[in-house]
Amino acid sequence: MTTHSIVAQDLTYAYGDNTAVDHISFEVGEGEIFGYLGPNGAGKSTTVKMLTGQIRPKQGKATLLGMDIVRETNKVQAFIGVAFETANLYGQMSAVENLTLFARLYGVKADVHALLEKVGLDGRAKERVEGYSKGMKQRLMVARALVNHPRILFLDEPTEGLDPVSAQAIRDLIRETRAGGTTVFLTTHDMVEADKLSDRVAFINQGRIAAIDTPHRLKQQYGKRLLKVEVEDGGGRLAAREITLDASDTGETVKRLFEREKVVTVHSEEATLEDIFIQITGRRLAG
Amino acid sequence: MNARVLGALLRKDLTLYFRNRFFAYITIVGLVVYVALYTLLPSTVDESLTLGVYAPTLPDAFISFLGGNDITIAPQESDEALQQAVADSKYAAGVVLTGDVISGIMRGDATSVTVYFASDAPQEIVDALRTVLRLAFNELSYTLGGDPLRLEFSEQIIGPDMTGQQLALRDRLLPLMAIMVLVMETMGLGSLIADEVETGTLRALLVTPVTVPGLFTGKAIFGLLQAFIQAALLLGLTGGLATEPLLVLITLLLSALVVVGLAFLIASASRGMMGVMAWSVLVIILMMIPSYGVVFPGVASNWAQILPSYYMLDTIHQVVNFGASWNAVGGNLVILLVAGVALMTAGVVVMERKVR
Ligand SMILES: Nc1ncnc2c1ncn2[C@@H]1O[C@H](COP(=O)(O)OP(=O)(O)OP(=O)(O)O)[C@@H](O)[C@H]1O
Ligand SMILES: [Mg+2]
């Protein structure tokens, strides 16, 4: 991936004295799913707002598809789709009317019904959105972000508050969208989701990027790999043993264990992204 | 910003406006009630004919002779009392029959009789009273014995110039209803804008190629058209567009501009629907003040002229009810234009600061 859909350089934003995003730089390749992870208040949404032209960076710049977001805001906005953190739909209009309105604003023809089917709302497409549940609204937000076949899709915690089936449907939709060539900027604090979906992830903490790489390499670099072993003691009870892999005496330790104890089960365990995040930032994710 | 985007925004605003029960009702019911009220109110002026008479030398019983089926006679103590009563609109007219007048009539000389008319007496009543007086004096002269009278009425108009009073109530109410329809839009458009800010749909619009100026243009056009069409409909249905349609329509359009500017200001001062309600009720009450002057002449004082609605009202009143010309109301139109542009500019500037 040589071309970059998003290039952020020294992006900075402050609400009064509170620096929400502090000189952030990164690149997102075309067709990449980029996970943007961080705890509450880390500056994720603020970054999205700058990248989508909702607020102007106080410092630094961002280029989307080769265009400066501040100087060519409207031109860029024709090519992006944004699903906001909190639902902002027209409650007195139906799902179909909401999507049709945005298709008109973009000047595109959209297969509104196919889109609604993809997010599982085809059965209630004509109902007023004010009567939708939180999860249904969330799904409609994602559908709306796709109405203009965006080249870059921004999703700010799209699966937050969804039941597992709906969340899975959204994840499938994200993959499908990426398969069509769309770059996805995915904000989340669901580490498992980020791990499953993202080609690369960035850890953001207190407005700064703490680490940025593929989930696999982050785990290799930071995670301890463990061998979890269950052994049976003399009285028939189970006890747990942990052996660190990648240590100089790992082979010796494993050998000794198998010689001296009665091993029942053996699992290898990799660190999760969450473990690594805590390791790098010293913070937990959930607020 | 192109026509397609503008069309989509206007269509959306229309949908949202009429899906809001409150505004849908207020718009439609308001219009129906105003037109119905206008139609049901009598088109003529209904005032009892009471004639004040000061006749120091004649017995009261004799004076009563002047009266008839439709006219009541009220004897007065003095000329001054009579004039005061007429000035206070107690009676539509007053007649002075001094001893000299009586003897002149009796002698058959050419005699001048002083008649006071209230300045707010409707023309029909003035005409009717003239006829009645003539008939009564003829009767009197035959009774007194002879020749036809050579009477001359010396007429005096008493009281402030209150031209508007000659109108039927419904015609006096009409400009007020038009202003009401117009200023209600401050609430309608104000909450439409505030709602988009509150629910965040405005942010959703602004990450599409829709721009802030484009968005404001859409809202302004929507508000202008809505206020204008409603007011034009009201005047059209009540015959208000019969005399100078273009002049009236331009007045309505300029008035709508003022109202849209106010709606922007209200929306930027408010958080959500309740804020808009509070502010717009205040604005509506203020804007209605000049109307009281048309319904009850002489009530509104000069300070009402600092309100832009004074110029809307005055223009509509002058043109619709008195057929005033472009020249006569040109000054008002200029003031409305200036006020409209100023309010609109202020509204857009503060709203833009709020949105960004
Ligand atoms: N409109 C605002 N006004 C003032 N401060 C704000 C505003 N929005 C965000 N902030 C502050 O900026 C910082 C970053 O907020 P931001 O919304 O970007 O965090 P986030 O990473 O999206 O968090 P979350 O996971 O809770 O969505 C926080 O300290 C927050 O309080
Ligand atoms: Mg956020």
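## Helix α9 of chain A

In this predicted model, the buried residues of helix α9 of chain A pack against three strands of the chain, namely β11 (226–232), β12 (238–244) and β13 (262–269). The helix covers residues 250–260, and its buried residues are T250(A), V254(A) and L257(A). Viewed down the axis of α9(A), these buried residues fall within an arc of 65 degrees, so they line one face of the helix. On the other side of α9(A), the exposed residues are G251(A), E259(A) and R260(A).

E259(A) also takes part in a salt bridge with K255(A), in which the closest N and O atoms are 3.9 Å apart. The two residues are 4 positions apart in α9 of chain A and are therefore separated by about one helical turn. An α-helix has 3.6 residues a turn, so residues three or four places apart point the same way. The relative accessibility of E259(A) is 55%, and the residue counts as exposed; K255(A) is partly exposed, with a relative accessible area of 48%.

## The magnesium site

The magnesium ion (ligand 2) has two protein donors, S45(A) through OG and E85(A) through OE, lying 1.9 to 2.2 Å from the ion. S45(A) belongs to helix α1 (residues 44–51) of chain A, while E85(A) is in the loop between β6 (80–83) and α3 (95–106) of chain A, so the pair ties together parts that are 40 residues apart in sequence.

The two donors can also be described by their accessibility. S45(A) counts as buried, at 15% relative accessibility. E85(A), at 39%, counts as partly exposed.

## Salt bridges

Over all chains, the structure holds 23 salt bridges. Side chains of opposite charge can pair when their charged atoms come close. In chain A, D172(A) forms a salt bridge with R175(A), with 3.3 Å between the closest N and O atoms. Both residues lie in helix α6 (residues 164–179) of chain A, 3 residues apart, which is about one turn of the helix. D172(A) counts as partly exposed at 41% relative accessibility, and R175(A) counts as partly exposed at 32%.

A further salt bridge joins K219(A) to D195(A), the closest N and O atoms being 2.9 Å apart. This pair links distant parts of the chain, with K219(A) in helix α8 (residues 215–222) and D195(A) in helix α7 (residues 191–197) of chain A, 24 residues apart. K219(A) is buried, with a relative accessible area of 14%, whereas D195(A) is partly exposed, with a value of 26%. In chain B, a network of salt bridges links K12(B), D13(B), E196(B) and K219(B).

## Helices α1 and α2 of chain B

L14(B), F18(B), I28(B) and V32(B) make a nonpolar surface patch of about 350 Å². The elements that contribute two or more residues to the nonpolar patch are α1 (3–19) and α2 of chain B. Among the patch residues, F18(B) lies in helix α1 of chain B. F18(B) is partly exposed, with a relative accessible area of 35%.

Helix α2 of chain B, which spans residues 21–40, also contains Y34(B). Y34(B) is buried, with a relative accessible area of 18%. Leaving aside residues up to four places away in sequence, Y34(B) touches M177(B), M180(B), V181(B) and L234(B). The C-alpha atoms of Y34(B) and Q318(B) are separated by 20 Å, and the two residues are 284 residues apart along the chain.

## Chain A as a whole

The secondary structure of chain A comprises 10 helices and 13 strands. Its C-alpha trace spans about 75 × 45 × 35 Å along the principal axes. Chain A has 287 residues, of which 50% count as buried.

Among the contacts in chain A with a separation of 6 or more, 65% are between residues 24 or more positions apart. The chain exposes about 13,500 Å², and carbon and sulfur atoms supply 46% of this area.

Notes
Residues are numbered from 1 along each chain as its sequence is written. Chains are lettered from A and ligands numbered from 1 in the order in which they are written. This is a predicted model: local features need pLDDT of at least 70, side-chain atom pairs count only at pLDDT 80 or more; totals for chains, interfaces and linings use all residues. Side-chain values use heavy atoms; hydrogens and water are left out. Buried means under 20% relative accessible area, exposed over 50%, partly exposed in between (1.4 Å probe, protein chains only). The arc is that of the directions from the helix axis to the C-beta atoms. Contact means heavy atoms within 4.5 Å. Patches are made of residues with over 30% relative accessible area and no salt bridge: like charges are joined within 9 Å, nonpolar side chains (Val, Leu, Ile, Met, Phe, Trp, Tyr) within 5 Å. Accessible areas come from the Shrake-Rupley method with a 1.4 Å probe; for residues, only the protein chains shown count as cover. A salt bridge is a side-chain nitrogen of Lys or Arg within 4 Å of a carboxyl oxygen of Asp or Glu. Donors are N, O and S atoms within 2.8 Å of the metal (3.2 Å for Na, K and Ca); water is not among the atoms, so sites may look incomplete.
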